[in-house]
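Could you walk me through this model in the viewer, one selection at a time? I would like to know what to click on next and what is there.

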Amino acid sequence: MRIAIELAERNVLESLGGPFGAVVVKNGEIISQSGNLVTLTNDPTAHAEISAIRLACTKLNTFDLTDCVIYTSCEPCPMCLSAIYWSRISTVYYANTKADAGNIGFDDKFIYEELEKPMEQRSIPVFQLMRDEAQQAFKFWSQSAMRTHY
């Protein structure tokens, strides 16, 4: 956890990005670590947790981090929490809370609220198009002997 916190501090002091850091560990060994890279890379998905997960998957040559844990300097946002679930990380340890993050301008409350709303009531319009055509890719997938379940 100390390393995640140090990454968050360094990010601020060296103007690398937001005040967040994350470390992925497997069997007591650090696999990857990253600070928040959103402003450095102009990538709104480059939160510390997601960046650390990407690095860990590359290093371990897998998308399945079942045997890994993540230490993050702050309670994960909805996007990062989703990435943690998708990667199958087994345990999350965090320092600051989402309320702490909200107090300094990183408030995810509106995202949680948006997810609870029916699509037609969300602030970003969402429309479904061409479902029948898109179904073909799903049919190919379900019939493919080469598919990898994840």
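Start by selecting W141, which sits in helix α7, residues 131-143. This is a predicted model, so please read each stop on the tour with that in mind. W141 has a relative accessible area of 40% and therefore counts as partly exposed, since that class lies between under 20% for buried and over 50% for exposed. Now add F63, W86 and Y150 to the selection: together with W141 they form a nonpolar patch on the surface. The accessible area of these four residues together is about 540 Å².

**The whole chain**

Zoom out and colour by secondary structure. You should find seven helices and four strands. Read from the N terminus, the elements follow the order α-β-β-α-α-β-α-β-α-α-α. The C-alpha trace spans about 50 × 40 × 25 Å along its principal axes. Switch on a surface, and you are looking at about 10,300 Å² of accessible area, 56% of which belongs to carbon and sulfur atoms. Of the 150 residues in the chain, 29% are buried. As for contacts between residues at least 6 apart in sequence, 45% of them link residues at least 24 apart.

**The sheet**

Next, show the strands alone. In what order do they lie? The order is β2-β1-β3-β4, in an open sheet with mixed pairing. At the edges are β2 (29-35) and β4 (91-96), each of which pairs on one side only. Turn the sheet to see its twist, which averages 15° from one strand to the next.

Bring back helix α1, residues 2-13: this helix packs on the sheet and touches β1 (21-26), β2, β3 and β4. The direction of α1 makes about 150° with that of β1.

Then focus on β3 (residues 68-74) and its neighbour β4. These two strands run parallel and are joined by five bridges. To find your place between them, pick I70 and look across to V92 in β4, which stands opposite.

**A serine in an edge strand**

Select S34, found in strand β2. Is S34 buried or exposed? S34 is buried, because its relative accessible area is 6% and the limit for buried is under 20%. Expand the selection to its contacts, leaving out residues up to four places away in sequence, and you will find L7, F20, G21, A22, A48, S51, A52 and L55.

**The salt bridges**

Finally, show the charged side chains. Side chains of opposite charge can pair when their charged atoms come close. The chain has four salt bridges, and three of them make good stops here.

- R10 and E14: their side chains meet at 3.6 Å, N to O. E14 is partly exposed at 48% relative accessibility, and R10 is partly exposed at 40%.
- K109 and E113: the closest N and O atoms are 3.8 Å apart. Both residues lie in helix α6 (residues 109-116), four residues apart, which is about one turn of the helix. K109 counts as exposed at 51%, whereas E113 is partly exposed at 40%.
- E114 and K117: this salt bridge comes in at 3.0 Å, N to O. K117 is partly exposed, with a relative accessible area of 33%, while E114 is buried at 15%.

How values were computed
Residues are numbered from 1 along each chain as its sequence is written. This is a predicted model: local features need pLDDT of at least 70, side-chain atom pairs count only at pLDDT 80 or more; totals for chains, interfaces and linings use all residues. Side-chain values use heavy atoms; hydrogens and water are left out. Two strands pair if DSSP finds at least two bridges between them. Axes are lines fitted to C-alpha atoms, for helices over the stretch in contact, and angles run from 0 to 180 degrees between N-to-C directions. Contact means heavy atoms within 4.5 Å. Patches are made of residues with over 30% relative accessible area and no salt bridge: like charges are joined within 9 Å, nonpolar side chains (Val, Leu, Ile, Met, Phe, Trp, Tyr) within 5 Å. Accessible areas come from the Shrake-Rupley method with a 1.4 Å probe; for residues, only the protein chains shown count as cover. Buried means under 20% relative accessible area, exposed over 50%, partly exposed in between (1.4 Å probe, protein chains only).
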